[in-house]
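Okay, thanks for making time, everyone. I'll put the structure up and then walk through a few pieces of it.

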Amino acid sequence: MKPQDTASAGPALRLVGLRRDYGDRTALEGVGLELGAGESLVVLGPNGAGKSTLLRVLATLLRPSGGEVTVLGCSLPREAWKLRGRIGYLGHEPLLYRDLSGRENLRFHARLHNIGTEAAEARITELLAAVGMERRADDRAAELSAGMRQRLAICRCVLHEPELLLLDEPDSNLDLEGRELAHGLIGPVQNRARVVVTHDPDRHLPEADQVLRLGIGEMARLS
Amino acid sequence: MTPSRVAFAAILGKDLRSELRTLQSLPAMALFAVTTFIIFRFGLDRTQLSGSLASGVLWATLLFAAVLGINRLFVAEREEGGFDAIRLAPIDRSVLFAAKVAALMVYLLALELIAVPVFAIFFLDSGTALLPLISVLLLADFGLAATGTLISSMAVNSRARDLLVPLVLLPLIVPLMIAATGATEPLLALGGPGYHRFGTWLMVLGLYDLIFGLVGYAVFDFLLED
């Protein structure tokens with residue numbers, strides 16, 4: 001999957017006064033930042049501060065209620081369709097079908113992202129090896145542990161070589177070995193921006209170019 | 001953008017593979033239909049049906065059996081994150097509608113492969129009506145699949161999904177059932193198939209299919225929005 005021209009034209013993310021409401025409740029307010037291509041943003045905050053909501057807005061899964069949001073040069077929500085396929089999103093749900101095997105799930109996502117059969121097989125084999133899942137790749141997702149499903153979800157997230165990674169607690173359910181293996185796939189890479197939501201700042205802050213702290217009922221603070 | 005035919009094949013293939021592996025919908029639909037025919041057979045105390053009664057028994061049974069499949073059509077997408085995966089992929093979201101209609105059509109045709117012969121064995125003295133009945137089944141199946149997919153996608157996010165689907169679907173499907181039973185009635189007439197107003201009812205079925213196919217295709221993108 002080739003990065004599109006708009007990717008290199010400006011920052012990976014530009015947020016000005018981002019707000020997101022759920023009915024009468026405001027989940028996010030006054031979020032502003034600019035993240036360059038290849039930079040990492042770490043998002044911290046207590047439960048309910050709006051971290052996952054922020055990621056879902058950036059992933060085009062939620063519409064912003066106010067403010068300006070530009071992701072990879074595309075203004076949201078107007079140009080959301082241009083972003084599809086350019087973002088790798090790892091949320092709380094692994095987005096894997098329980099009745100399909102890990103390999104079948106990855107093949108399904110590869111076809112949705114228009115990766116040719118041969119290229120997809122090679123990429124899937126490479127990713128499964130990278131997260132130590134070759135031997136369990138043909139087991140149904142329902143039969144895998146939560147940590148193994150997370151490893152597969154990480155493979156799904158980077159399968160199409162996205163330009164921006166949105167990672168919501170990427171280490172959750174992973175053992176130490178899994179964290180190290182996953183880091184090889186979702187760690188910092190030149191020209192690939194990352195937004196990482198985490199409750200483990202010790203692990204992710206050393207890699208951060210910027211840190212966004214969200215608080216309940218408070219303005220977001222960027223450092 | 002991923003070509004629509006590639007995305008369509010991927011989603012349809014995924015649905016059929018899951019169903020073959022888990023058999024969550026089809027056996028229940030078929031069992032329901034066969035059980036209902038048995039109930040009609042003993043409830044009506046008739047070994048032979050014809051005309052409007054035969055047509056009504058057949059279509060009422062197929063419709064309620066179809067509702068079982070329609071209820072489950074989007075459950076995997078809702079519970080396993082398929083909606084998000086499809087919204088993140090570079091595909092026309094209407095492809096999901098088309099693939100789900102096709103999957104439901106396959107379920108309905110498989111159901112009818114079992115239910116219609118059982119109906120013929122229980123209630124018909126000959127199978128001569130079955131060949132022309134295929135055109136009615138195909139047209140009615142498409143309308144039922146298009147409307148069912150649309151309603152199922154709206155109801156799946158509700159906890160009252162099992163209640164909402166029949167409540168919303170059944171009123172919308174009334175014109176389709178009138179046309180399907182109208183077209184089937186002369187085929188199952190006493191003394192052999194007739195074709196009185198058969199073509200007119202087929203056209204009504206076609207018109208219904210066209211309207212609900214286009215409505216579903218047009219609005220489905222908005223239904224997936226936040």
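Which helices do the buried residues of α8(B) pack against? In this predicted model, they pack against three elements of chain B: α3 (51-72), α7 (130-155) and α9 (198-223). The buried set in α8(B) includes Val165(B), Leu169(B), Ile173(B) and Leu176(B), and further along there's a run from Ala179(B) through Ala180(B), Thr181(B), Gly182(B), Ala183(B) and Thr184(B) to Glu185(B).

Now, the length of that helix. α8 of chain B covers residues 161-187, so 27 residues, and at 1.5 Å a residue it should span 39 Å. The end C-alpha atoms sit 36 Å apart, which agrees. There's also a kink of about 45° at Val174(B), shortly before the proline Pro175(B).

Over to chain A, and strand β6, residues 87-90. Ile87(A) and Tyr89(A) point one way, Gly88(A) and Leu90(A) point the other way, and all of them are buried. That's the textbook picture, because in a regular strand the side chains alternate between the two faces of the sheet. β6(A) runs parallel to β7 of chain A, residues 164-168, and four bridges join the two. One pairing to look for on screen: Ile87(A) has Leu164(A) as its bridge partner in β7(A).

Last bit, the contact between the chains. Chain A puts in 22 residues and chain B puts in 22 residues. On the chain A side, β6 and α4 (102-112) each supply at least two, and α4(A) gives the most, with four residues. By class, that side has twelve nonpolar, four polar and six charged residues.

Conventions: Residues are numbered from 1 along each chain as its sequence is written. Chains are lettered from A and ligands numbered from 1 in the order in which they are written. This is a predicted model: local features need pLDDT of at least 70, side-chain atom pairs count only at pLDDT 80 or more; totals for chains, interfaces and linings use all residues. A residue is buried if 20 or more other C-beta atoms lie within 10 Å of its own, exposed if 12 or fewer, and partly exposed in between; C-beta atoms are placed from the backbone. Two strands pair if DSSP finds at least two bridges between them. The expected span of a helix is 1.5 Å times one less than its number of residues. The bend at a residue is the angle between axes fitted to the seven residues ending there and the seven starting there. Two residues are in contact if their C-beta atoms, placed from the backbone, lie within 7 Å. Ala, Val, Leu, Ile, Met, Phe, Trp, Tyr, Cys and Pro count as nonpolar, Asp, Glu, Lys and Arg as charged, and the others, Gly among them, as polar.
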